[in-house]
Amino acid sequence: MGSTFLSLHYHIVFSTKDRRPYVKSDWRPQLHEHLGGTVRGLGGVPEIIGGVEDHVHLLAGLRAIHCLAEFMQELKKASSIWSAEKHEKDFSWQEGYAAFSV
């Protein structure tokens, strides 16, 4: 076999710290766009992103080179910094996440 083919898609869910309703509807679409851009920047493919005021759902395609824990650490770090600087100064994500392969 001369090459490798993978199709790895993950449904990932993560929450705001203490499930606080930080993500207001007026900037939620911007957060979802930022998350999508960060996923792309990390080499993944954002399929769809959604959520409500206290958590996010993300369907993303990842590559064989990705370590899910490291990917999530970078995604949450970048989006937490962005959210705190642009919208909610006390913003942070809850530790941990749920991920399901689909």
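# Helices, strands and an aromatic cluster

At 43% relative accessibility, Arg19 counts as partly exposed, because that class lies between the buried limit of under 20% and the exposed limit of over 50%. The model in which this value is computed is a predicted one. Arg19 sits in the loop between E1 and H1, and its phi is near 55°, a positive value in a residue other than glycine. Asp18 also belongs to the loop between E1 and H1, and Asp18 likewise has a positive phi of about 55° although it is not a glycine.

From this loop the chain passes to helix H1, which has 14 residues and reaches 20 Å from its first C-alpha to its last, close to the 20 Å expected at 1.5 Å a residue. Buried in H1 are Arg28, Leu31, His32, Leu35, Gly36, Thr38 and Val39. These residues cover an arc of only 165° around the axis, which puts them on the same side of H1. Glu33, Arg40 and Gly41, by contrast, are exposed on the other side of the helix. The partners against which the buried residues of H1 pack are E1, E2, E3 and H2. Just after H1, Gly43 takes a positive phi of about 90°.

Two of those partners are themselves paired: strand E2, residues 45-52, and E3 run in the antiparallel sense and are connected over seven bridges. Within this pairing, the bridge partner of Ile49 is Leu58 in E3, and the hairpin that joins E2 to E3 does so through two residues.

Helix H2 can be read in the manner of H1. At 1.5 Å a residue, the 19 residues of H2 (residues 68-86) should span 27 Å, and the end C-alpha atoms are indeed 27 Å apart, so expectation and model agree. The buried residues of H2 are Phe71, Met72, Leu75, Lys76, Ser79, Ser80, Trp82 and Ser83. Because they cover an arc of only 170° around the axis, they lie on the same side of H2. The face turned away from that buried side carries the exposed residues Glu70, Gln73 and Glu85, while the buried residues of H2 pack against strand E1 (8-15), helix H1 (28-41) and strand E3 (55-62).

The packing of these elements can be followed into the nonpolar interior. In soluble globular proteins, nonpolar side chains tend to be buried together. Here the largest nonpolar core has 19 residues, and those with the most contacts inside it are Phe14, Leu31, Leu35, Val56, Leu58 and Leu75. To this core E1, H1, E3 and H2 each supply at least two residues. Phe14 may serve as an example: leaving aside its neighbours within four places in sequence, Phe14 is in contact with Leu35, His55, Val56, Leu58, Met72, Leu75, Lys76, Trp93, Gly96 and Tyr97.

Phe14 also leads to the aromatic residues, since it forms one aromatic cluster with Tyr22, Trp27, Trp82, Phe91 and Trp93. A pair of aromatic rings is described by the distance of the centres and the angle of the planes. A search of the whole structure finds five aromatic pairs, one of which is the tilted pair of Trp27 and Trp82, with 6.2 Å from centre to centre and 55° between the planes. This pair links distant parts of the chain, with Trp27 in the loop between E1 and H1 and Trp82 in helix H2, 55 residues apart. Trp27 is buried, with a relative accessible area of 4%, and Trp82 is buried as well, with a relative accessible area of 17%.

Trp27 takes part in a further pair, with Phe91: the ring centres are 6.2 Å apart and the planes are at 75°, so the pair is edge-to-face. Trp27 lies in the loop between E1 and H1 and Phe91 in the loop between H2 and strand E4 (98-101), so this pair ties together parts that are 64 residues apart in sequence. Phe91, like Trp27, is buried.

Trp82, finally, connects the cluster with the packing of the helices. Not counting residues up to four places away in sequence, Trp82 touches Trp27, Gln30, Leu31, His34 and His87. Between Trp82 and Leu31 the separation is 51 residues in sequence, and in space 8.5 Å from C-alpha to C-alpha.

Methods
Residues are numbered from 1 along each chain as its sequence is written. This is a predicted model: local features need pLDDT of at least 70, side-chain atom pairs count only at pLDDT 80 or more; totals for chains, interfaces and linings use all residues. Side-chain values use heavy atoms; hydrogens and water are left out. Helices (H or I, at least four residues) and strands (E, at least two) are DSSP runs, numbered from the N terminus. The expected span of a helix is 1.5 Å times one less than its number of residues. Buried means under 20% relative accessible area, exposed over 50%, partly exposed in between (1.4 Å probe, protein chains only). The arc is that of the directions from the helix axis to the C-beta atoms. Contact means heavy atoms within 4.5 Å. Rings of Phe, Tyr and Trp (its six-membered ring) pair if their centres lie within 6.5 Å; planes under 30 degrees apart count as stacked, over 60 as edge-to-face and the rest as tilted. Two strands pair if DSSP finds at least two bridges between them. A nonpolar core is a set of buried Ala, Val, Leu, Ile, Met, Phe, Trp, Tyr and Cys residues joined through side-chain atoms within 4.5 Å.
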